[in-house]
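User: I have a protein to look over before planning my week. Could you take me through it?
Analyst: Certainly; please put it up and ask as you go.

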Amino acid sequence: MARLCPQCGASFQGRSDKRFCSDSCRCDFHNQQRRAQEKELRTVNRILAANWRLLLQQLRLGRPDIPAAELAAQDFNFAVYTASRRRFPGPRTYWCYDCAYTVDRAGIVHISCSGYRNNV
Ligand SMILES: [Zn+2]
C-alpha cells in the first residue's frame with residue numbers, strides 16, 4: 001500500500017513500519033523536530049534567566065519586598081518559573097532556580113535567593 005512521506009509528501013512503498021521515503025527525509029524530519037524543541041527551550045530559558053536576574057537585582061538594591069506591579073513593569077514574567085509549591089496555611093512559593101518568592105494578598109512579592117549573600 002502506498003503511503004505519503006511526512007517530510008516531502010512523496011508517495012512511497014515499503015515495509016509497513018517504514019514512515020519516510022528515504023533516510024534523508026527521516027533525518028531532515030527529526031532534525032527539524034529537534035530544532036523546534038530547542039527553540040522552545042531557548043525561549044523558556046531566556047525568560048527564566050531574565051526573571052532570575054531581576055530577582056537578584058532587587059536583593060542587590062535592598063528590596064526583597066517589592067510590589068508585583070513594579071516587577072511586572074520591569075518585564076518580570078510571572079507565568080514562567082522552575083517550580084512551585086503550596087504549604088497550607090500560607091501563600092504559594094515559586095522558584096526561579098535558587099530564588100524563591102511569594103506574592104502576598106497585598107500584591108507584594110517577597111524574594112529570597114539561596115545563592116545570594118547580603119554582603120555581595
Ligand atoms: Zn520524503
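User: Thanks. Which secondary structure elements does the protein have, and in what order do they run?
Analyst: Please note at the outset that this is a predicted model. The protein has 2 helices and 7 strands. Starting at the N terminus, the order of the elements is β-β-α-β-α-β-β-β-β.

User: Is the protein more spread out than a compact globule, or the opposite?
Analyst: It is more spread out than a compact globule, because its radius of gyration is 23 Å, well over the 14 Å that the globule rule gives for 120 residues. Along the principal axes, the C-alpha atoms occupy a box of roughly 70 × 35 × 25 Å.

User: How many of the residues count as buried?
Analyst: The share that counts as buried is 12% of the 120 residues. As for contacts between residues at least 6 apart in sequence, 39% of them join residues at least 24 apart.

User: Let us turn to the strands. How do β5 and β6 run relative to each other, parallel or antiparallel?
Analyst: They run antiparallel: β5, residues 92–96, is joined to β6, residues 99–103, by 4 bridges. One of the residue pairings places Tyr 94 opposite its bridge partner in β6, Tyr 101. The two strands form a hairpin with 2 residues between them.

User: What is the backbone doing in that turn?
Analyst: Tyr 97 in the turn has a positive phi of about 55°, although this residue is not a glycine.

User: Is Tyr 97 buried, partly exposed or exposed?
Analyst: Tyr 97 has 17 other C-beta atoms within 10 Å, so it is partly exposed; the buried class begins at 20.

User: And what does β6 pair with on the way to the C terminus?
Analyst: β6 pairs with β7, residues 108–113, in the antiparallel sense over 5 bridges. Here Thr 102 has His 110 in β7 as its bridge partner. The hairpin of β6 and β7 has 4 residues between the strands, and Gly 107 takes a positive phi near 80° in it.

User: What about Ala 106, where is that?
Analyst: Ala 106 is in the loop between β6 and β7. Ala 106 counts as exposed because it has 8 C-beta neighbours inside 10 Å. Its C-alpha is 8.3 Å from that of Pro 67, although the two residues are 39 apart in sequence.

User: Changing topic: which peptide bond is cis?
Analyst: The bond from Phe 88 to Pro 89 is cis, with omega near -5°. Pro 89 sits in the loop between β4, residues 83–86, and β5.

User: What is notable about the phi of Asp 75?
Analyst: Asp 75 is not a glycine, yet its phi is positive, at about 70°. The residue belongs to the loop between α2, residues 68–73, and β4.

User: Why does Asp 75 count as exposed?
Analyst: Asp 75 is exposed because 10 other C-beta atoms lie within 10 Å, and the exposed class covers 12 or fewer.

User: Last one, at the other end of the chain: where is Gly 9?
Analyst: Gly 9 is in the loop between β1, residues 3–4, and β2, residues 11–12. With 9 other C-beta atoms within 10 Å, Gly 9 is exposed. Gly 9 and Tyr 81 are 72 residues apart in sequence, and their C-alpha atoms are 40 Å apart in space.

Note on methods
Residues numbered from 1 in each chain as written. Predicted model: local features only at pLDDT ≥ 70, side-chain atom pairs only at ≥ 80, totals over all residues. Pairing = 2+ DSSP bridges. Rg over C-alpha atoms; globule rule 2.2 N^0.38 Å. Contact = placed C-beta atoms within 7 Å.
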